[in-house]
Amino acid sequence: MSIIDDEGVSNESGNEHFQDVLDARLSRRGFLTGGFATAAAVSLGGVEALLKAVPAAAEEGAAIAEEGSAEGWLGRRPVLGFESVPVSSADEVVVPKGYTAEVLIAWGDPVSNGPAFKQDASNTAAEQARQWGMHNDGIVYFPLVGSQRGLVVQNNEYTDDGLLFPDGVNNWTQEKTNKSLNAHGVSIIEVTKRTGLSWDWRRRRGKWDVVRPSPFARRITGMTPINIGGPAAGDPRFVTSEDPTGTRVLGTLNNCAMGYTPWGTYLACEENFNGYFRKNGPQTMLERRYGITAAGFGYLWHTTDKRFRVDEEPNEPNRFGWVVEIDPFRPHSTPVKRTALGRLKHEGAWVQEARNGKVVVYMGDDERNEYIYRYVSNLPWRQARAQGVNPLDDGILYVAKFHADGVGEWLPLTPDNPRLAGWSLNDILINTRGAADAAGATMMDRPEWIDTFPRNLTAIATLTNNNRRGSSPPSVNNPDGSTASGSARPPVDAANPRAINNYGHIIRWYYRQDWTEPTFGWDLFALCGDPANPAHGSTIFGDKYGSPDGIYVDPSGLIWIQTDISTNTINSGNYAGFGNNMMLAAHPETRETRRFLVGPNQCEITGVFMTPDRRAMFVGIQHPGERPDDLPGDPLNPKQFSSWPDGPDGGRPRSALIVITKDDGGIIGS
């Protein structure tokens, strides 16, 4: 979300003395000679993991393995079989020759048999509750019939209230608050691939459509009743005037990345929830640590809804910042916020089943100087569910410590950790950032998405940037949890080796036996920037990129990297010549990187997932046309910066989900 992105800071020195440290670090780990490949064969477990995520009831109607499915290509090595697309500043989606990108659904389109989008944005709040939300982000495709038909679940992170209404933020009312809340949350649609048979009037085989009406289609918004589950449910710090039990909250907000479970549920992740609240009185230490301020992000909800006036409802912010579990196959089920996973600005919750059947959840806290977390269930997930226990309610939360020698450890965030003496479990779960400060975790450069290579026990994570790293005066997060959100200026370290880290980097870690081990080895996959410019200190092999955000390991093992360059920096300043935000593919062993997609003006590329046969790729295009000054869009000139995707006939730019297919019907990336 650009409103909290680092402001651009020029780093003209090149920081050569830090590069010396980095070179020694990389040499020790065999990074430049493909040390990653020596651990094991590249993972091909993505398809298996996806199939495990589908309940048996949903698999019953699945077609027998189709050509190109797991049985057809399992065991192949990943390949980069496309030509890089050039850097682009065009107001369009650019993909390689031989590929087609089509808009599947955009903000305001009905998720089922609901109302159509009005180009002047005059749809009501009630209508928005039946339409695709704004600014879509993390995504999962859940198969119903293999790669032919399924459910797409995607987060709707935030709104541009200047574009959400015909007159923008003027004349604010309760109706406007409700519509903005309803444009947040999660959208669920049913999608199907066209057959091309005579009875299929759409005919063009291999293309995709939204199924309308669909019994699965659903919107979960900022006004949807959601249960609070796990150890902290009912804690007095969750009690409000409208919920004296502390167990039920209205809505989920600012959902960024995501995850999905082996039992077939979707995990939405609340990130920058703090920006919706206003606190005029003195900040508590907890509010300071999570960034609850008088200004917020400029939203006006507090003018009509007291929930967002913290002086009146001091506990309401504590009810946000959680991972929310949603069952897409049960459209009338109630979502649940899983408190055992901790409260932070969740960038994602990537679930990996361990060899012993326990679930491991990896999470990043997306702000400067925050941490990478891991959760491990106490029981194998099948055993827990057989006992009526949700595996995400019963486990141990950890935070990562990266040592300079290439070894890391998971520090337990539990009351029996000596560094957390005097903390209760609920203290830790509600103030997870403060607990991580006290535990001594490694401060990271904006931890973003995390994915895994299941068979070789390796995880990979993006770190977007940090313009405070290595700046003066140096400071670190106070162990008492009193540091203001994102304000520290930590020195460089082995895991974050560049000062004024404008371009970000990608880190990975790996285990010997299983995902539940307390220690791990780690190295750096790439330092981002322009490899042709020595001042950037980039280690990319191939096409330049910076500010990595989304990351996805496809079923073959290819790594797909999406960028989130701030709208005030796109193709200017440190990013001059980089063009619009993009998505690239990287080989996990050679690290060769090729640009696969470039988005329209002022957008972020975020959210990516494939069908099991890899013949369709769903990609999110977020906030095209966003203003570079982070102010709401101008309703008098809504297409000032972009008219994508509707072009001249449209009334304003719209975030959208696109589907990419290969013109010959082949596998994406091949």
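Confidence in this predicted model averages a pLDDT of 90 over the chain, and 87% of the residues score at least 70. Among the elements of the chain, strand E12 comes out on top with a mean pLDDT of 99, while helix H5 (residues 70–73) sits at the bottom with 32. Over residues 2–75 the pLDDT is below 50, although this stretch still has 149 contacts in the model beyond near neighbours in sequence. Where pLDDT is low, the predicted coordinates should not be read in detail.

As for the overall make-up, the chain has 12 helices and 31 strands. Of its 670 residues, 65% count as buried. Contacts between residues 24 or more positions apart account for 68% of those with a separation of 6 or more. The chain exposes about 22300 Å², and carbon and sulfur atoms supply 52% of that area.

One of the sheets is an open one of six strands, and its order reads E8-E7-E12-E11-E10-E9, with mixed pairing. Its edges are strand E8 (248–250) and strand E9 (255–260), each of which pairs on one side only. Neighbouring strands in this sheet are turned by 35° against each other on average, direction ignored. At the E9 edge, four bridges hold E9 to strand E10 (residues 266–270), and the two run antiparallel. Within that pairing, Gly 259 has Leu 267 of E10 as its bridge partner.

Further along the chain, strands E20 and E21 make a hairpin with four residues between them. In the turn, Leu 457 takes a positive phi of about 55°. E20 (residues 447–453) and E21 (residues 458–463) are antiparallel and joined by five bridges, and Ile 450 stands opposite Ala 461 in E21. Seven of the seven residues of E20 are buried, so this strand is largely enclosed by the rest of the structure.

Buried positions turn up in loops too. Thr 414 is found in the loop between strand E18 (407–412) and helix H11 (425–430). Thr 414 counts as buried because its relative accessibility is 13%, below the 20% cut-off. Leaving out residues up to four places away in sequence, Thr 414 touches Ile 396, Leu 420 and Ile 428.

Lys 345 is another loop residue, placed between strand E12 (336–338) and strand E13 (350–353). With a relative accessibility of 1%, Lys 345 counts as buried. Its contacts outside the four nearest places in sequence include a run from Glu 270 through Glu 271, Asn 272 and Phe 273 to Asn 274. Also in contact with Lys 345 are Tyr 290, Gly 364, Asp 365, Asp 366, Glu 367, Arg 433 and Ser 485. Asn 274 lies 71 residues away from Lys 345 along the chain, yet their C-alpha atoms are separated by 8.8 Å.

Charged side chains get their own share of attention. Side chains of opposite charge can pair when their charged atoms come close. A search of the whole structure finds 32 salt bridges. In one of them, the side chains of Asp 243 and Arg 319 meet at 2.9 Å, N to O. This pair links distant parts of the chain, 76 residues apart: Asp 243 belongs to the loop between strand E7 (225–229) and E8, and Arg 319 to the loop between helix H9 (285–290) and strand E11 (323–326). Both Asp 243 and Arg 319 are buried.

A second long-range pair joins Glu 370 to Arg 289, with the closest N and O atoms 2.8 Å apart. Here, Glu 370 of strand E15 (residues 368–370) and Arg 289 of helix H9 are 81 residues apart. Glu 370 counts as buried at 0% relative accessibility, and Arg 289 is buried as well, with a relative accessible area of 0%.

Arg 307 and Asp 305 form a further salt bridge, at 3.5 Å from N to O. Arg 307 counts as buried at 5% relative accessibility, and so does Asp 305 at 14%. Elsewhere, salt bridges that share partners tie Arg 289, Lys 345, Asp 365, Glu 367, Glu 370, Arg 433 and Asp 437 into one network. The buried loop residue Lys 345 and the buried pair of Glu 370 and Arg 289 thus all reappear in that network.

Notes:
Residues numbered from 1 in each chain as written. Predicted model: local features only at pLDDT ≥ 70, side-chain atom pairs only at ≥ 80, totals over all residues. Heavy atoms only, no water. Pairing = 2+ DSSP bridges. Axes fitted to C-alpha atoms, helices over the stretch in contact; angles between N-to-C directions. Buried < 20%, exposed > 50% of the residue type's maximum accessible area, 1.4 Å probe, protein only. Contact = heavy atoms within 4.5 Å. Salt bridge = Lys/Arg side-chain N within 4 Å of Asp/Glu carboxyl O. pLDDT = per-residue confidence, 0-100. Areas by Shrake-Rupley, 256 points an atom, 1.4 Å probe, with all protein chains shown as cover.
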